[in-house]
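Please examine the packing and the pockets of the structure shown here.

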Amino acid sequence: MLIRAYAKINIGLDIVGRREDGYHLLDMVMQTVDLYDELEITTRDDGKVHLSCDRPDVPTDDSNLAVRAFRALIPAGDPRGADIVIKKNIPSQAGLGGGSSDAAAVLKAVNEMYGLGKSDKELENIGVKIGADVPFFIRGGCQRCEGIGEILSPAENPYGEYVIIVKPDAGVSTKEIYMAYDRLEEKPELANVLEAVTAAACPEITEIKHHLLSGGAAFASMSGSGTAVFGIFREMPSDLLISTIKRDYQNIFVVKITK
């Protein structure tokens with residue numbers, strides 16, 4: 001089975017509290033976009049799960065969320081197995097949710113391939129144990145995500161359907177960004193409250209955001225904990241803007257939102 005695992009952008013990200021177990025309580029609006037990893041999943045009858053990926057920095061052992069997703073549905077010792085091949089197009093350490101999206105894609109594919117009959121809600125409940133963003137990727141589109149990300153309700157993106165995503169060379173650790181946010185005495189008032197923290201470590205974020213807004217974006221922000229920055233446009237962005245950004249940044253994606 002061939003399946004696409006779509007990236008997401010955070011139209012909003014607010015931290016509204018913290019659970020006793022240390023997880024941050026969030027209030028987010030997330031939107032899937034037409035940038036995706038490509039997964040090929042085939043069955044095997046020896047109970048093994050073999051994962052391969054075209055990017056050497058991606059782990060292919062049991063720590064990979066895609067493998068964990070398979071095992072969440074088909075436990076070790078079961079004769080049902082799979083070969084999973086991932087072609088990565090979503091950059092890592094970007095805040096675009098590539099790993100979580102891959103996991104959600106595996107949950108949906110395995111559920112169908114093996115006729116498990118689980119509903120999307122059941123898959124969401126399984127997915128949150130793998131990663132906080134996984135339930136969102138089961139649904140896709142535009143969703144308001146609360147709790148640690150598992151409480152979903154439909155939302156609207158009022159800014160347009162065309163998106164430019166720019167990923168600086170620098171990457172950041174999600175855990176370290178949240179820890180840095182917790183240390184702030186004065187919390188920022190931004191669409192994404194983590195943006196100020198990540199931009200302090202990666203100043204290109206502010207520069208890219210300025211380019212996008214001055215180039216006509218109806219809205220621009222950092223996605224997740226970064227470092228990717230996106231702009232949403234009501235009309236197809238100009239070739240001049242795209243070429244200007246390409247002069248300084250190699251990782252630029254011009255895509256549309258997905259429903």
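The report below treats the nonpolar cores, one buried serine and the pockets in turn.

## Basis

This is a predicted model, in which local features need pLDDT of at least 70 and side-chain atom pairs count only at pLDDT 80 or more, while totals for chains, interfaces and linings use all residues. Residues are numbered from 1 along each chain as its sequence is written, and side-chain values use heavy atoms, with hydrogens and water left out.

## Nonpolar cores

The largest nonpolar core (buried Ala, Val, Leu, Ile, Met, Phe, Trp, Tyr and Cys residues joined through side-chain atoms within 4.5 Å) holds 62 residues, and Ile 84, Val 106, Leu 107 and Leu 212 have the most contacts inside it. Its largest share, seven residues, comes from helix α2 (residues 98-113); helices (H or I, at least four residues) and strands (E, at least two) are DSSP runs numbered from the N terminus.

Beyond residues up to four places away in sequence, Leu 107 touches Ala 69, Leu 73, Leu 123, Ile 126, Gly 127, Ile 130, Val 134 and Ile 138, where contact means heavy atoms within 4.5 Å.

## Ser 223

Ser 223 sits in the loop between β8 (219-222) and β9 (229-233). Ser 223 counts as buried because its relative accessibility is 1%, the limit being under 20% relative accessible area with a 1.4 Å probe and protein chains only. Leaving aside neighbours within four places in sequence, its contacts include Lys 8, Asn 10, Leu 96, Asn 192 and Phe 230.

## Pocket linings

Among the elements, α5 gives the most to the lining of the largest pocket, with five residues.

Conventions: Buried means under 20% relative accessible area, exposed over 50%, partly exposed in between (1.4 Å probe, protein chains only).
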